[in-house]
Amino acid sequence: MPVKAKILLSKQPFAHLDSNTLEKLANISRLKSYKRGDVILAAGQDDHKSAFLVYGKIKIRSADGRERTIRHDQDEAKLALCNVKPRQQTVTAESHDTCIVWIKDRILEVVCSENQTDGISLEIVPDRRSNSRQELQPD
(Lines give C-alpha, C1' and ligand atoms only; values in the text may rest on other atoms or scores of the structure.)
Protein backbone atom coordinates (compact mmCIF):
# COMPACT_ATOMS: atom_id res chain seq x y z
CA MET A 1 0.00 0.00 0.00
CA PRO A 2 1.46 3.44 -0.83
CA VAL A 3 2.58 5.75 1.95
CA LYS A 4 1.68 9.43 2.11
CA ALA A 5 4.49 11.85 2.93
CA LYS A 6 2.51 13.49 5.74
CA ILE A 7 2.48 10.16 7.60
CA LEU A 8 6.28 10.15 7.63
CA LEU A 9 6.43 13.76 8.74
CA SER A 10 4.89 12.74 12.08
CA LYS A 11 7.81 10.37 12.79
CA GLN A 12 10.85 11.77 14.57
CA PRO A 13 13.59 10.73 12.14
CA PHE A 14 11.81 12.46 9.25
CA ALA A 15 10.47 15.68 10.77
CA HIS A 16 13.46 17.70 9.46
CA LEU A 17 13.16 16.55 5.83
CA ASP A 18 12.02 18.81 3.01
CA SER A 19 8.84 17.94 1.09
CA ASN A 20 10.71 16.61 -1.97
CA THR A 21 12.75 14.18 0.12
CA LEU A 22 9.66 13.15 2.09
CA GLU A 23 7.88 12.31 -1.18
CA LYS A 24 10.82 10.19 -2.34
CA LEU A 25 10.93 8.39 0.98
CA ALA A 26 7.17 7.81 0.91
CA ASN A 27 7.44 6.29 -2.56
CA ILE A 28 9.93 3.65 -1.42
CA SER A 29 8.26 2.91 1.94
CA ARG A 30 5.50 0.37 2.44
CA LEU A 31 2.34 0.55 4.55
CA LYS A 32 0.89 -2.70 5.86
CA SER A 33 -2.29 -3.33 7.85
CA TYR A 34 -2.56 -5.87 10.66
CA LYS A 35 -5.49 -7.39 12.54
CA ARG A 36 -5.68 -7.84 16.30
CA GLY A 37 -3.35 -10.69 17.32
CA ASP A 38 -1.16 -10.56 14.19
CA VAL A 39 2.58 -10.75 14.90
CA ILE A 40 4.28 -7.69 13.43
CA LEU A 41 7.80 -8.43 14.71
CA ALA A 42 9.00 -11.67 16.31
CA ALA A 43 11.76 -12.01 18.90
CA GLY A 44 14.87 -13.41 17.19
CA GLN A 45 13.86 -12.08 13.78
CA ASP A 46 16.87 -10.69 11.93
CA ASP A 47 15.55 -8.51 9.14
CA HIS A 48 16.75 -5.30 7.51
CA LYS A 49 13.72 -3.06 7.93
CA SER A 50 12.40 -0.59 10.45
CA ALA A 51 8.77 -0.40 11.50
CA PHE A 52 6.83 2.71 12.51
CA LEU A 53 3.37 2.60 14.07
CA VAL A 54 1.02 4.77 12.02
CA TYR A 55 -2.38 3.83 13.38
CA GLY A 56 -3.81 1.56 16.02
CA LYS A 57 -2.34 -0.07 19.08
CA ILE A 58 0.46 -2.60 19.58
CA LYS A 59 1.74 -4.77 22.42
CA ILE A 60 5.47 -5.23 22.94
CA ARG A 61 6.45 -8.37 24.87
CA SER A 62 10.00 -8.86 26.17
CA ALA A 63 11.65 -12.26 26.61
CA ASP A 64 11.21 -11.93 30.39
CA GLY A 65 7.44 -11.59 29.97
CA ARG A 66 7.16 -7.84 30.53
CA GLU A 67 4.57 -6.19 28.31
CA ARG A 68 3.72 -2.65 27.33
CA THR A 69 1.17 -1.18 24.98
CA ILE A 70 1.73 1.74 22.59
CA ARG A 71 -0.97 3.69 20.77
CA HIS A 72 -0.30 5.61 17.57
CA ASP A 73 -0.96 8.95 19.32
CA GLN A 74 1.74 8.44 21.98
CA ASP A 75 5.23 9.96 21.79
CA GLU A 76 6.81 6.47 21.62
CA ALA A 77 5.04 5.92 18.29
CA LYS A 78 7.21 8.63 16.72
CA LEU A 79 10.21 6.27 16.85
CA ALA A 80 11.00 2.98 15.12
CA LEU A 81 9.65 -0.08 16.93
CA CYS A 82 12.11 -2.39 18.70
CA ASN A 83 14.90 -1.55 16.31
CA VAL A 84 17.66 -3.75 17.83
CA LYS A 85 18.46 -6.67 15.52
CA PRO A 86 18.03 -9.51 15.88
CA ARG A 87 14.73 -8.44 17.44
CA GLN A 88 14.67 -8.64 21.23
CA GLN A 89 10.87 -8.35 21.64
CA THR A 90 7.73 -9.62 19.98
CA VAL A 91 5.29 -6.99 18.74
CA THR A 92 1.65 -7.86 18.09
CA ALA A 93 -1.29 -5.81 16.85
CA GLU A 94 -3.73 -4.98 19.63
CA SER A 95 -6.37 -3.31 17.49
CA HIS A 96 -8.13 -4.64 14.42
CA ASP A 97 -6.88 -1.78 12.27
CA THR A 98 -3.18 -1.43 13.13
CA CYS A 99 -1.05 0.12 10.37
CA ILE A 100 2.75 -0.02 10.17
CA VAL A 101 5.11 1.78 7.78
CA TRP A 102 8.11 -0.34 6.79
CA ILE A 103 11.35 1.31 5.65
CA LYS A 104 14.56 -0.48 4.68
CA ASP A 105 17.31 0.07 7.25
CA ARG A 106 19.86 1.19 4.67
CA ILE A 107 17.49 3.97 3.61
CA LEU A 108 16.90 4.95 7.22
CA GLU A 109 20.66 5.11 7.77
CA VAL A 110 20.99 7.65 4.98
CA VAL A 111 18.09 9.74 6.23
CA CYS A 112 19.32 9.74 9.82
CA SER A 113 22.98 10.31 9.01
CA GLU A 114 24.47 12.94 11.29
CA ASN A 115 26.70 14.10 8.44
CA GLN A 116 23.78 15.15 6.27
CA THR A 117 23.37 18.92 6.35
CA ASP A 118 22.53 19.85 2.76
CA GLY A 119 19.67 17.45 2.09
CA ILE A 120 19.81 13.81 1.16
CA SER A 121 19.66 11.64 -1.89
CA LEU A 122 17.55 8.53 -1.73
CA GLU A 123 18.41 7.30 -5.21
CA ILE A 124 21.74 5.62 -4.48
CA VAL A 125 23.93 4.75 -1.50
CA PRO A 126 27.18 2.85 -1.17
CA ASP A 127 26.72 -0.90 -0.92
CA ARG A 128 28.96 -1.83 2.01
CA ARG A 129 29.32 -5.41 0.80
CA SER A 130 30.95 -4.69 -2.57
CA ASN A 131 32.34 -1.13 -2.66
CA SER A 132 29.88 -0.41 -5.45
CA ARG A 133 26.89 1.90 -5.61
CA GLN A 134 23.45 0.39 -5.63
CA GLU A 135 20.03 1.76 -6.48
CA LEU A 136 17.48 1.54 -3.70
CA GLN A 137 14.35 -0.24 -4.78
CA PRO A 138 11.22 -0.90 -2.75
CA ASP A 139 10.44 -4.49 -1.76
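**Exercise 1. Work out the strand order and pairing of the open sheet of four strands.**

Solution. The order is 2-6-4-5, and the pairing is antiparallel. Two strands pair if DSSP finds at least two bridges between them. Helices (H or I, at least four residues) and strands (E, at least two) are DSSP runs, numbered from the N terminus. Next come the edges. Strand 2 (39-41) and strand 5 (67-71) each pair on one side only. Finally, the twist: neighbouring strands of this sheet are turned by 30° against each other on average, direction ignored. Here axes are lines fitted to C-alpha atoms, for helices over the stretch in contact, and angles run from 0 to 180 degrees between N-to-C directions.

A note on the source: this is a predicted model, where local features need pLDDT of at least 70, side-chain atom pairs count only at pLDDT 80 or more, and totals for chains, interfaces and linings use all residues. Residues are numbered from 1 along each chain as its sequence is written, and side-chain values use heavy atoms, with hydrogens and water left out.

**Exercise 2. Describe strand 4 through its partners and its faces.**

Solution. Start with strand 5. Five bridges join strand 4 (residues 57-62) to strand 5, and the two run antiparallel. Lys-59 stands opposite Thr-69, and Ile-58 stands opposite Ile-70. The hairpin of these strands has four residues between them, and Gly-65 takes a positive phi near 95° there.

Turn to strand 6 (residues 89-93). Strand 4 pairs with strand 6 over five bridges, in the antiparallel sense. Ile-60 stands opposite Val-91 in strand 6.

Now the faces. In a regular strand the side chains alternate between the two faces of the sheet. The covered face of strand 4 carries Ile-58, Ile-60 and Ser-62. Its uncovered face carries Lys-57, Lys-59 and Arg-61.

**Exercise 3. Place strand 7 (98-104) among its partners and decide how covered its faces are.**

Solution. First, strand 1 (30-34). Five bridges join strand 1 to strand 7, and the two run antiparallel. Tyr-34 stands opposite Thr-98. Second, strand 3 (49-55). Strand 3 and strand 7 pair over six bridges, again in the antiparallel sense. Leu-53 stands opposite Ile-100.

Then check burial. Buried means under 20% relative accessible area, exposed over 50%, partly exposed in between (1.4 Å probe, protein chains only). Seven of the seven residues of strand 7 are buried. One side holds Thr-98, Ile-100, Trp-102 and Lys-104. The other holds Cys-99, Val-101 and Ile-103.

**Exercise 4. Why does Thr-98 count as buried, and what surrounds it?**

Solution. Thr-98 counts as buried because its relative accessibility is 0%. Contact means heavy atoms within 4.5 Å. Leaving aside neighbours within four places in sequence, Thr-98 is in contact with residues including Lys-32, Tyr-34, Ile-40, Leu-53, Lys-57 and Ala-93. A polar atom of the Thr-98 side chain lies 3.2 Å from the backbone oxygen of Lys-57. A polar contact is a pair of N or O atoms within 3.5 Å; within protein, one must be able to donate a hydrogen and the other to accept it, and residues adjacent in sequence count only if both atoms are side-chain atoms.

**Exercise 5. Repeat the analysis for Ser-29.**

Solution. Locate Ser-29 first: the loop between helix 2 (19-27) and strand 1. Ser-29 counts as buried because its relative accessibility is 0%. Leaving aside neighbours within four places in sequence, Ser-29 is in contact with Val-3, Leu-8, Val-101, Trp-102 and Ile-103. Leu-8 is 21 residues away along the chain, yet the two C-alpha atoms are separated by 9.4 Å. The Ser-29 side chain has a polar atom 2.6 Å from the backbone oxygen of Leu-25.

**Exercise 6. Which residues have the most contacts inside the largest nonpolar core?**

Solution. A nonpolar core is a set of buried Ala, Val, Leu, Ile, Met, Phe, Trp, Tyr and Cys residues joined through side-chain atoms within 4.5 Å. The largest has 18 residues, and the most contacts inside it belong to Leu-8, Phe-14, Leu-25, Val-101 and Ile-103. Helix 1 (5-9), helix 2, strand 3, strand 7 and helix 3 (105-111) each give two or more residues to this core. A second, separate core of 15 residues includes Ile-40, Ala-51, Leu-53 and Ala-77.

Close with the whole chain. There are three helices and nine strands. Of the 139 residues, 40% count as buried.
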